[in-house]
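Let's walk through this one together, with a few questions and answers. Have a look at the sequence and the fold before reading on.

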Amino acid sequence: MNKPVILVVEDDAPIRNLMVTTLKAHDYKYLTAPTGQEAVMMTASHNPDVIFLDLGLPDMDGIDVIERIRSWSNIPIIVISARGEDEDKIAALDAGADDYLTKPFSVEELFARLRVTIRRLSMMNSDSGTDRSIYTNGNLKIDYPAGCAYLNGDELKLTPIEFKLLCLLAKNTGKVLTHTYITQNIWGRSWDNDIASLRVFMVTLRKKLEQSPDPTEYIQTHVGIGYRMIKV
Ligand code: CA
């Protein structure tokens with residue numbers, strides 16, 4: 001993959017400049033947009049690889065920007081929102097954002113998220129044309145059509161719901177999935193008690209997946225938000 005082009009959507013000039021300076025220092029290409037309207041226009045005209053999107057924009061709600069862009073593009077969007085706005089983060093993820101960061105954020109953290117996203121992009125690109133029925137990630141292998149998952153070659157004894165959960169996370173590797181998104185996909189609804197059961201299923205799934213003595217963390221917990229399968 002060539003050097004990816006990052007679109008920085010941020011109305012706060014000092015923060016925007018900090019991001020741009022760091023992108024330049026890491027040899028990334030970049031574009032900037034201080035408003036939601038410009039973000040949508042630049043995405044359509046320049047087709048960037050990744051978007052950093054501030055949710056608090058002067059002209060449009062960041063969630064609307066995501067929805068507009070998602071109407072025609074799957075480009076990864078990393079949302080940046082102010083501290084404590086968990087509901088906004090969840091709404092952004094449900095609207096189709098891939099990841100989120102909370103202000104104030106460290107530049108290292110931003111770049112770590114960017115690398116995860118870019119790895120996912122190149123994984124998706126290299127996947128095209130190859131066999132998508134088998135998923136591999138570290139020592140984990142999922143045979144989707146056979147309905148089986150293996151760790152270090154040994155078949156995992158998963159319940160049907162655990163297997164569904166694992167597949168959903170695997171198919172969205174690198175992306176944060178909200179509790180609502182997951183429960184909608186597993187049970188077709190998202191009631192409070194479904195989210196409570198989700199927690200229980202996640203505990204049992206992780207126990208089977210992240211085995212001692214040398215457990216690999218495949219699934220990240222995002223407290224109050226959801227879960228993410230990591231590319232290990
Ligand atoms: Ca702002």
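Q: Are Asp 54 and Lys 103 buried or exposed?
A: A quick note to start: this is a predicted model, where local features need pLDDT of at least 70, side-chain atom pairs count only at pLDDT 80 or more, and totals for chains, interfaces and linings use all residues. Residues are numbered from 1 along each chain as its sequence is written, and side-chain values use heavy atoms, with hydrogens and water left out. Buried means under 20% relative accessible area, exposed over 50%, and partly exposed in between (1.4 Å probe, protein chains only). By that yardstick, Asp 54 and Lys 103 are both buried.

Q: Which strands hold Asp 54 and Lys 103?
A: Their side chains form a salt bridge at 3.2 Å, N to O, that is, a side-chain nitrogen of Lys or Arg within 4 Å of a carboxyl oxygen of Asp or Glu. Helices (H or I, at least four residues) and strands (E, at least two) are DSSP runs, numbered from the N terminus. The two residues are 49 apart and link distant parts of the chain, with Asp 54 in strand β3 (residues 50–54) and Lys 103 in strand β5 (residues 99–103).

Q: How many salt bridges are there by this rule?
A: One of them joins Glu 210 and Arg 206 at 3.4 Å, N to O, and both of those residues are buried. Bridges that share partners also join Asp 99, Glu 109, Arg 113 and Arg 228 into one network. The count comes to 11.

Q: Why does the pair of Glu 162 and Lys 208 tie together parts that are apart in sequence?
A: The side chains of Glu 162 and Lys 208 meet in a salt bridge of 2.7 Å, N to O. Glu 162 is buried, at 3% relative accessible area, while Lys 208 is partly exposed at 26%. The pair ties together parts 46 residues apart because Glu 162 lies in helix α6 (residues 160–171) and Lys 208 in helix α8 (residues 192–209).

Q: Which are the edge strands of the open sheet β6-β7-β8-β9?
A: Four strands make up this sheet, with antiparallel pairing; two strands pair if DSSP finds at least two bridges between them. Four bridges join β6 to β7 (residues 140–143), and Asn 137 stands opposite Leu 140 in β7. The strands that pair on one side only are β6 (134–137) and β9 (154–155).
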